[in-house]
Amino acid sequence: MASVATPDPGAYWDRVYATRAPDEVSWFQRDPRLSLSMIDATGAGPDEPVIDIGGGASTLVDALLAAGHRAVTVLDISDKALVAARTRLGARAERVAWIVADVTRWRPDASYAVWHDRAAFHFLTDAGDRTAYLAALRTALRPRGAAIIAAFAADGPERCSGLPVRRYSPDMLAGEIGPEFRLIETADEDHVTPAGVRQHFMFCRFRRD
Ligand SMILES: C[S@@+](CC[C@H](N)C(=O)[O-])C[C@H]1O[C@@H](n2cnc3c(N)ncnc32)[C@H](O)[C@@H]1O
């Protein structure tokens, strides 16, 4: 497969989702309970907007709808990933806003109470891309909003889906996201891939001042 420097990352990810079923990819989780519990912990009400960045075909959107959230957005660079999620949801997909975009080029036109990202930020190995991502976060997130970012931990895998990743400790991520965000909660998760491989993730929940 192409390297991270591919000129068309959307096509790269579309190929990933075209060649593997959503429940076969290494990051698949049947029950995204840690994400859901961290979103619950923000205290966001059912009508407060929640966005899942790089949500792909994750079942988090199903869980959020089941928990009563009525303002859910899923953004991903891969149209194919979002089609898979919409197909799974059927009529419930109409209750969700879907955005096909590269988060590093996205110009948000709404504001969100919760920004959630599991395993998208860690692909940004280029400092300019991380700056662009964090600019989108600052534009999109309300004052006192919550940012939940999950990435491979410092001792996690060096690659994901054929691409190099940047691994994080909570301190490293807090330094990256900047002083206007307060680190409220961290958690570790040993994710077990469908092939039975353990991957160490760390989750951070920040609150914007
Ligand atoms: C490892 S998967 C994680 C998917 C989902 N968050 C989950 O936990 O199941 C990474 C996702 O990020 C998306 N992605 C990668 N780079 C992106 C970018 N620059 N902008 C938006 N989405 C991106 C991919 O298409 C893919 O769906």
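Begin by selecting helix 1 (9-19) and strand 2 (72-76), each of which supplies at least two residues of the shell around the ligand. Keep in mind throughout that this is a predicted model.

With those two elements coloured, display the ligand itself, and note that the space it takes is the largest pocket. Next, show the 18 residues around the ligand, of which Tyr-17, Gly-54, Asp-76, Asp-102 and Arg-118 come nearest. If you colour this shell by residue class, you will find 10 nonpolar, 5 polar and 3 charged residues.

Now turn to the polar contacts, taking them one at a time. Select Tyr-17, where an N or O atom in the side chain is 2.6 Å from an oxygen atom of the ligand. Moving on to Asp-102, look for a polar side-chain atom that lies 2.9 Å from a nitrogen atom of the ligand. At Val-103, display the backbone rather than the side chain, since a polar backbone atom of Val-103 is 2.9 Å from a nitrogen atom of the ligand. If you then switch on a surface for the protein, bear in mind that the protein covers 96% of the 590 Å² of accessible area that the ligand has on its own.

Leave the ligand and select Glu-48, which lies in the loop between helix 2 (33-41) and strand 1 (50-53). Glu-48 counts as partly exposed because its relative accessibility is 30%, a value that falls between the limits of 20% for buried and 50% for exposed. Adding Leu-89 to the selection gives a pair that is 41 residues apart along the chain, with C-alpha atoms separated by 21 Å.

Continue to Thr-59, in the loop between strand 1 and helix 3 (60-66). Thr-59 has a relative accessibility of 12% and therefore counts as buried. Show Arg-30 as well, and you can follow the side chain of Thr-59 to the backbone oxygen of Arg-30, which it reaches at 3.4 Å.

The last two stops concern backbone angles. Select Arg-144 in strand 5 (residues 141-152), where phi is positive, at about 65 degrees, although the residue is not a glycine. Arg-144 is exposed, with a relative accessible area of 53%.

Finally, go to Ser-161, which is placed in the loop between strand 6 (159-160) and strand 7 (163-164). Ser-161 is not a glycine either, yet has a positive phi of about 55 degrees. With a relative accessible area of 12%, Ser-161 is buried.

Technical notes:
Residues are numbered from 1 along each chain as its sequence is written. This is a predicted model: local features need pLDDT of at least 70, side-chain atom pairs count only at pLDDT 80 or more; totals for chains, interfaces and linings use all residues. Side-chain values use heavy atoms; hydrogens and water are left out. A residue is near a molecule or strand if one of its heavy atoms lies within 4 Å of it. A polar contact is a pair of N or O atoms within 3.5 Å; within protein, one must be able to donate a hydrogen and the other to accept it, and residues adjacent in sequence count only if both atoms are side-chain atoms. Accessible areas come from the Shrake-Rupley method with a 1.4 Å probe; for residues, only the protein chains shown count as cover. On a 1 Å grid over the protein atoms alone, a cavity is a set of points where a 1.4 Å probe fits but cannot get out, and a pocket is an open set with protein on both sides within 12 Å along at least five of seven lines; lining residues have an atom within 4 Å of a point. A molecule sits in a cavity or pocket if more than half of its atoms lie within 2 Å of its grid points. Helices (H or I, at least four residues) and strands (E, at least two) are DSSP runs, numbered from the N terminus. Ala, Val, Leu, Ile, Met, Phe, Trp, Tyr, Cys and Pro count as nonpolar, Asp, Glu, Lys and Arg as charged, and the others, Gly among them, as polar. Buried means under 20% relative accessible area, exposed over 50%, partly exposed in between (1.4 Å probe, protein chains only).
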